[in-house]
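Here is a brief report on one helical face, one core and one side chain. The sequence and structure come first.

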Amino acid sequence: MKKPANNWDRMFQALLKYKKRQGDCDVPANLSTDPALGRWVAVQRYRRKTRRLTEGQIALLDKAGFIWAPGDQSWEKNLAELADFKSRYGH
């Protein structure tokens, strides 16, 4: 009989399914369609800051394209959009 996966593994698989559907791992903490996944993602960010994720877990999340600092990601996206606007319209 196959041993059931632990909760971390199940949630990581849910993250991969989210990525397949959405194209990224930028899961909002208040995800209405899967609140458990949204909370899990927020907890993983906190656990990394407090050094409670294993190196293996960090590596898996990195490989999946996990967004560790969503605010930074948003800043970079907005900056790129601004640069594109300036190149198109000259101001």
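## Q57, helix α2 and the core

The side chain of Q57 reaches the backbone nitrogen of T54 at 2.9 Å, a polar contact (a pair of N or O atoms within 3.5 Å; within protein, one must be able to donate a hydrogen and the other to accept it, and residues adjacent in sequence count only if both atoms are side-chain atoms). This is a predicted model: local features need pLDDT of at least 70, side-chain atom pairs count only at pLDDT 80 or more, and totals for chains, interfaces and linings use all residues. Residues are numbered from 1 along each chain as its sequence is written, and side-chain values use heavy atoms, leaving out hydrogens and water.

Q57 sits in helix α3; helices are DSSP runs (H or I, at least four residues), numbered from the N terminus. At 15% relative accessibility, Q57 counts as buried (under 20% relative accessible area; exposed is over 50%, partly exposed in between; 1.4 Å probe, protein chains only).

Contact means heavy atoms within 4.5 Å. Neighbours within four places in sequence are left aside in this table.

| Residue | In contact with |
|---|---|
| Q57 | W8, R47 and R52 |
| V27 | L15, Y18, L37, G38, V41 and R45 |

In α2, L37, G38, W40, V41, Q44 and R45 are buried. Seen down the axis of α2, these buried residues fall within an arc of 165°, so they line one face of the helix; the arc is that of the directions from the helix axis to the C-beta atoms. On the other side of α2, R39 and K49 are exposed. R51 follows α2, with a positive phi near 55°.

Definitions and conventions. Helices (H or I, at least four residues) and strands (E, at least two) are DSSP runs, numbered from the N terminus.
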